[in-house]
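Here are a few short exercises to work through with the model open beside you. Try each task before reading its solution.

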Amino acid sequence: LRRFHRWSWRRPLRYNRRNHRKLLITDETSAYVGGFNIHRESSKAVFGIERWRDTHVRTGGRLATQAAQLFDRFWDGDRRWVPPTLPGESSKLMPNYSRACREQLRCILTDMFTSANQSIHIAMPYFIPDRRTQRLLRQAATRGIDVRLLVPRKTDFKPARWAAQEAYAGLLSGGVRIYEYLPRMLHAKTILVDGNYATVGTANIDYRSFVLNYELNLFTRDPAFCDQLQAQFYTDLVTAEEITPGKWSRRFRGARLFELIGWWVRRWL
């Protein structure tokens, strides 16, 4: 047990760079990664049916070995180690930093969005996209790509929701379809492109995950896994409400002030 980046008067800004990874390895044979926290809000026994809706993945084999190596390297202070890529592998664990690219997550997502031919389906609890990401999603929708975004209606942190809503108008005008999940807090962090390329992990689409936090995502082209993820996305849409451009334009005008506040402080959320 070790506390990560504990407070130091000599290096106070380091405290803001958080270890946001959620990784569990048992005997180097099984590894778990995704959005699931070990806390009361994720427990059905403690929190009941209102527990957070999340997505977590169990892997084995080489991925479990990679996970153990990532944990050990991180524990020893190597924050930028990336597992070597092997020919023919369909899945890989990737941190958001590497020695080759300081903002590796942003680079990978850019490639995913620009290479899409049919669909981009995103489920994200804290969706605070920078201007570049917004532009990529609008451009994809303009190309005829089915771009759908699933975000929570219920939230544990309202300023993050305000900041997300600041991006709604521009995305809706560009053809992106936005849905708000109604039953409970949505904490799943998943992206599926064309039904055959997916990522599940700890990273949100926001400044903190792109630049500050230490994250870990599984990227995969495994057909069975992608099919599962696609089915789950459509299941979640059944209990979500679509935010249409007309409905959004008729929202309470005073909400605009909160959206601007959320956007101004987005880098600290």
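**Exercise 1. Classify E241 as buried, partly exposed or exposed, then find its salt-bridge partner.**

Step 1. E241 has a relative accessible area of 26%. Buried means under 20% and exposed means over 50%, so E241 is partly exposed. Keep in mind that this is a predicted model.

Step 2. The partner is R153, and the closest N and O atoms of the two are 2.7 Å apart.

Step 3. Now place the pair in the chain: R153 sits in the loop between β6 and α5, E241 in strand β11 (residues 240-243), and the two are 88 residues apart.

Step 4. R153 is partly exposed too, at 29% relative accessible area.

Step 5. Widen the view: R153 and E241 belong to a network of salt bridges that also links R161, E180 and K247. The structure holds 15 salt bridges.

**Exercise 2. Work out how helices α5 and α10 are oriented and which residues make their contact.**

Step 1. The axes of α5 (residues 158-166) and α10 come within 7 Å and cross at roughly 100°. Angles of 65 to 115 degrees count as roughly perpendicular, so that is how α5 stands to α10.

Step 2. On the α5 side, the contact is made by P159, W162, A163, Q165 and E166. On the α10 side, look for R256, F258, E259, L260, G262 and W263.

Step 3. α10 is also among the elements that cover the buried residues of α5, along with β6, α6, β7 and α9.

**Exercise 3. Trace the salt bridges of R256 and compare the burial of the residues involved.**

Step 1. R256 meets E166 in a salt bridge, at 2.5 Å from N to O. Since E166 lies in α5 and R256 in α10, this pair ties together parts that are 90 residues apart in sequence.

Step 2. R256 also forms a salt bridge with E259, with 3.7 Å between the closest N and O atoms. These two both lie in α10, three residues apart, or about one turn of the helix.

Step 3. Check accessibility: R256 is partly exposed at 36%, whereas E166 is buried at 14% and E259 is buried at 1%.

**Exercise 4. Which of E28 and D194 is buried, and which is partly exposed?**

Step 1. Locate them: E28 is in the loop between β1 and β2, and D194 is in the loop between β8 and β9.

Step 2. Check the backbone: phi is near 60° for E28 and about 60° for D194, although neither is a glycine.

Step 3. At 49% relative accessibility, E28 is partly exposed, while D194, at 16%, is buried.

Conventions:
Residues numbered from 1 in each chain as written. Predicted model: local features only at pLDDT ≥ 70, side-chain atom pairs only at ≥ 80, totals over all residues. Heavy atoms only, no water. Axes fitted to C-alpha atoms, helices over the stretch in contact; angles between N-to-C directions. Helix = DSSP H or I, 4+ residues; strand = E, 2+ residues; numbered from the N terminus. Parallel < 35°, antiparallel > 145°, perpendicular 65-115°, else oblique. Contact = heavy atoms within 4.5 Å. Buried < 20%, exposed > 50% of the residue type's maximum accessible area, 1.4 Å probe, protein only. Salt bridge = Lys/Arg side-chain N within 4 Å of Asp/Glu carboxyl O.
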